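Here is a short set of exercises to work through with the model open beside you. Try each task before reading its solution.

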Amino acid sequence: MTLENLAQEYWEIGLEAMPLVATAYGIPGYDDQMGDPSKAAEDARAERLEVLLASARVLTPTETQDKITQSMLIDAVDRGLRSLKYNPAGLAVSPLIGPHSSLMQIAAQTGASSAEQGADLLKRYQQVGDWLEAHAARHIASVAAGRTHSAINVQHVIDQIERYLSSPIESDPFASTAVRGEWEGAEEWQAAMKDVAETVVRPAMAAYAESLRSQVLPYARSDEEPGLLHIPMGDEQYELLLEGFTTTDLTADEIHNVGLEMMVKLRAEFGEIGVTAFDISEPEEVIERLRSDPALKYSSEEEMVAAAEETIARAEAAVSDWFNVYPEAKCVVQKVEPELAPSMPPAYYMPPSQDGTRGGTYFLNTHEPTTRGAFDAESIAFHEAVPGHHFDRSVSGELTGLPLFRKFGNVTAFTEGWGLYSERLADEMGLYSSDISRLGMVSSDAWRAGRLVVDTGIHAKGWTRQQAIDYLVENTPIAEGVIATEVDRYISFPGQATSYMIGRLEIDKQRSRAKAALGDSFDIKTFHDIALTNGAVPLNVFAELIGDWIDA
């Protein structure tokens, strides 16, 4: 079998398992499916992947891109198969990436452009009960194996579902699925969707919450033992997660120390910029001023959205001096669904759909705006939107000639490394509007350096939830409520938080390497072309691509 065929098969196996992802990307043929999260279906997919892996390993490609594709395919399949030992679906009780949350977020972004697509979506949502029941069975099996969940996140998920169940049916993301264009029967279809939301989806969500409440929460780990090291095989699972999220062989101790060393440098930078921003040089005083000054908070949700839109527009006007390649899709700002918002991060990004019905979306968490600092709004927008994820994710989705798993795959160390790189790049581009906003940039760096310390602290060193919160309160100006939500995210999504700074440091390293080697021939636009036009790649592959540029 050819490499192209193997790559396509791998992509299709993934979409069969998670057809919601296909809908999110606007890929046709999956809108009537929910996927099968059962252990039996997972085992069947694993058998197919074992055969695929063996076939991929014996190929001998000669072209650079084919070599990259083979390497990434083997790595992704091999690690995915090794991860099944730990029943990752069983541990996926998370307010951010749990099945209920993924379903609701994608439903809110989904529309029907024809009667056929509308019928497919109705068929899909009729299956939500069985789908959530299968997920609950995986969670319960994990408990039976002693691999329990964190109590704080189980409770967050229950709370999210209860807020959804108490929300008006008119705002229900399933009942209010958009009609795109004009097609016969749309009015009747909307009535049917409302009925499905009331009679199928909401009862299924209630049953899922009850399973968590009665069969998962009583056995869950306390805030004193939130990390993976407290469950069987947790330490070795964490090693595998770090390998995947950082695409390096760095140990938890090494990552932890990188974070500690960076924090020392960043505290000094707080003092340096604090002098011009506030006439304050003590890092502790600058951090406290940023966190507590009411003048640096938002007054309303509308103000938050307007600030984000203005920041993105300013960035869009400046990118031509720094980039040859831009995404064709527009980036829009949208509020996080209110039922999910209290337990969600400050912001995140969803790439455009391939069918052109939706552009890139910068989701902004406007929950309790008066508690949210405005000083870091610009750095977050540069990270999540322009020139951050809207560039790397959207450009990747518009590439031709790459396998779909490379176009749409999320190599977290690279994508999140690029997002964090974009925050500092924006400073080079002169995009920050004030020294206070530049302190927001430093705050964002401290936040990501702190993640290296906190994530490894929780999962490899036995930190309590409160220890993690206290460390970030001491070293970053992030609002304490946001810090608590973030720490709970790191608990439920082990290793992912380490990818940001590890990726950023490698992108910085490769840029410095190229600049030193090429001297006056170094071109920042070409560097960015290489970063954006190969899709998201492991960090060692990015280093090889930069090496090829230098050699050429």
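**Exercise 1.** How much space lies in the second largest cavity? Then work out which residues and elements line it.

*Solution.* Keep in mind that this is a predicted model. Start with a cavity search, which finds three cavities of 30 Å³ or more. The second largest holds about 230 Å³ of space. Next, collect its lining: there are 20 residues, and Pro346, Arg372, Gly373, Asp376 and Ile380 lie nearest the centre. Then sort these 20 by kind, which gives 16 nonpolar, two polar and two charged. Finally, assign them to elements. H14, S5 and helix H15 (377-384) each supply at least two residues, and the largest share, three residues, comes from H14.

**Exercise 2.** In what order do the strands of the three-stranded open sheet lie, and which helix lies across S3 and S5?

*Solution.* Following the pairing gives the order S3-S5-S4, in a mixed sheet. The edges are S3 (331-335) and S4 (347-350), each of which pairs on one side only. From one strand to the next, the twist averages 25°. Now look at one pair in detail: S4 and S5 (residues 360-364) run antiparallel and are joined by four bridges. Within this picture, Met350 stands opposite Thr361 in S5. To finish, add helix H14 (residues 301-318), which lies across S3 and S5 and runs at about 165° to S3.

**Exercise 3.** Asn87 and Asp279 both have positive phi without being glycine. Which of them is buried and which is exposed?

*Solution.* Place each residue before judging it. Asn87, with phi near 50°, sits in the loop between helix H4 (64-83) and helix H5 (88-91). Asp279, with phi of about 60°, belongs to the loop between helix H12 (252-278) and helix H13 (283-292). Now apply the cut-offs: under 20% relative accessible area is buried, over 50% exposed. Asn87 has 14% relative accessibility, so it counts as buried. Asp279 has 65%, so it counts as exposed.

**Exercise 4.** How many of the residues of helix H23 (residues 524-532) are buried, and what do they pack against?

*Solution.* Counting along the helix, seven of its nine residues are buried. Among them are Ile524, Phe527 and Leu532. Tracing the contacts of the buried residues then leads to helix H16 (389-398), helix H18 (412-428), helix H22 (499-518) and helix H24 (539-551).

Technical notes:
Residues are numbered from 1 along each chain as its sequence is written. This is a predicted model: local features need pLDDT of at least 70, side-chain atom pairs count only at pLDDT 80 or more; totals for chains, interfaces and linings use all residues. Side-chain values use heavy atoms; hydrogens and water are left out. Two strands pair if DSSP finds at least two bridges between them. Axes are lines fitted to C-alpha atoms, for helices over the stretch in contact, and angles run from 0 to 180 degrees between N-to-C directions. Contact means heavy atoms within 4.5 Å. On a 1 Å grid over the protein atoms alone, a cavity is a set of points where a 1.4 Å probe fits but cannot get out, and a pocket is an open set with protein on both sides within 12 Å along at least five of seven lines; lining residues have an atom within 4 Å of a point. Grid points are joined across faces, edges and corners, and a volume is the space filled by probe spheres set on the points. Ala, Val, Leu, Ile, Met, Phe, Trp, Tyr, Cys and Pro count as nonpolar, Asp, Glu, Lys and Arg as charged, and the others, Gly among them, as polar. Buried means under 20% relative accessible area, exposed over 50%, partly exposed in between (1.4 Å probe, protein chains only).
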